[in-house]
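Biologist: Please take a close look at one part of this model, the second largest pocket, and describe what surrounds it. Please begin with the chain as a whole, so that a first-year student can place the pocket within it.

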Amino acid sequence: MSDSESAVETRPQGRRRLERRMILDAGAAFIDEHGLRQLSMRQLGAQLGVEAMSLYRYVPSREDLLDGIVEVVLDELSDDPDVHRVPTDGWQDYLVRLAHGLRRIALAHPLVFPLVATRPPEAPWIRPPLRSLRWIDSFLAALKGSGFGDEAAVAAYRAFSSFLLGHLLLEVEAMGAEISPVSTSEPSSETSTDLSEYPHVERLQEQLSEDRSAQEFEESLENLLERLATLL
């Protein structure tokens, strides 16, 4: 049997054919409508018209289902015509477009977005909400190509992530989302992910993994105070 044949379950007498992407899309739509706490394999199976056990061939656990939903929601960035993969009009324009693209995702899926923020990352150098290796590498490449050094590019990634995460979580909470984690899964340890397709992430993963939380907090607070002083 070919890979394409094994990826789809054919059910007799007009019953639904399943595939992983269909299940993940249905899971995201279920959360959009009913909220994360209501999601279960039984409920999702009922929505798809199949038994819950049929889903486990494609999503081995609820944790895998949640991780997959995060992936498919973030995939919407690639289909957003206003988000550019490279800085065609400068790095500021690139970051503005990327930030607005992530905000559009958060506002389109306010009940799903807390998952983007709270799911344990695959590795310590992946930070929400931009938690796609493809986009992280694109981010670093864009800044490096615009004259940023390694340290500056990593600092920009950290600052950009922190700003967006805090602001967007407040926005979706105001729209009724629960921003406290629902899952009790343990944070993932560092994996042996093949990074050969993401050269900037591969080269900078040690710097991306450093915990500079205290320094970033102080710098952000200082920047905030300076900005507030301009209002006087």
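Modeller: In this predicted model, the chain forms 11 helices and zero strands. Read from the N terminus, its elements follow the order α-α-α-α-α-α-α-α-α-α-α. The chain has 232 residues, of which 38% count as buried. Its exposed surface comes to about 12,900 Å², and carbon and sulfur atoms supply 52% of that area. Among contacts between residues at least 6 apart in sequence, 70% join residues at least 24 apart.

Within this chain, the second largest pocket holds about 460 Å³ of space. It is lined by 21 residues, and those closest to its centre are E71, E122, R131, S132 and L133. Three elements each give two or more residues to this lining: helix 2 (20–34), helix 5 (62–74) and helix 8 (133–145). Helix 5 provides the largest share, with five residues. Sorted by class, the lining of the pocket consists of 10 nonpolar, nine charged and two polar residues.

A database record adds a further region to the description of the chain. An unreviewed UniProt entry lists residues 40–59 under the name "DNA-binding region". In the model, the span of residues 40–59 is 60% helix and 0% strand. The C-alpha atoms at the two ends of this span lie 12 Å apart.

Notes: Residues are numbered from 1 along each chain as its sequence is written. This is a predicted model: local features need pLDDT of at least 70, side-chain atom pairs count only at pLDDT 80 or more; totals for chains, interfaces and linings use all residues. Side-chain values use heavy atoms; hydrogens and water are left out. On a 1 Å grid over the protein atoms alone, a cavity is a set of points where a 1.4 Å probe fits but cannot get out, and a pocket is an open set with protein on both sides within 12 Å along at least five of seven lines; lining residues have an atom within 4 Å of a point. Grid points are joined across faces, edges and corners, and a volume is the space filled by probe spheres set on the points. Helices (H or I, at least four residues) and strands (E, at least two) are DSSP runs, numbered from the N terminus. Ala, Val, Leu, Ile, Met, Phe, Trp, Tyr, Cys and Pro count as nonpolar, Asp, Glu, Lys and Arg as charged, and the others, Gly among them, as polar. UniProt positions are given in the numbering used here, feature names are shortened, and annotations may be inferred rather than shown by experiment. Buried means under 20% relative accessible area, exposed over 50%, partly exposed in between (1.4 Å probe, protein chains only). Contact means heavy atoms within 4.5 Å. Accessible areas come from the Shrake-Rupley method with a 1.4 Å probe; for residues, only the protein chains shown count as cover.
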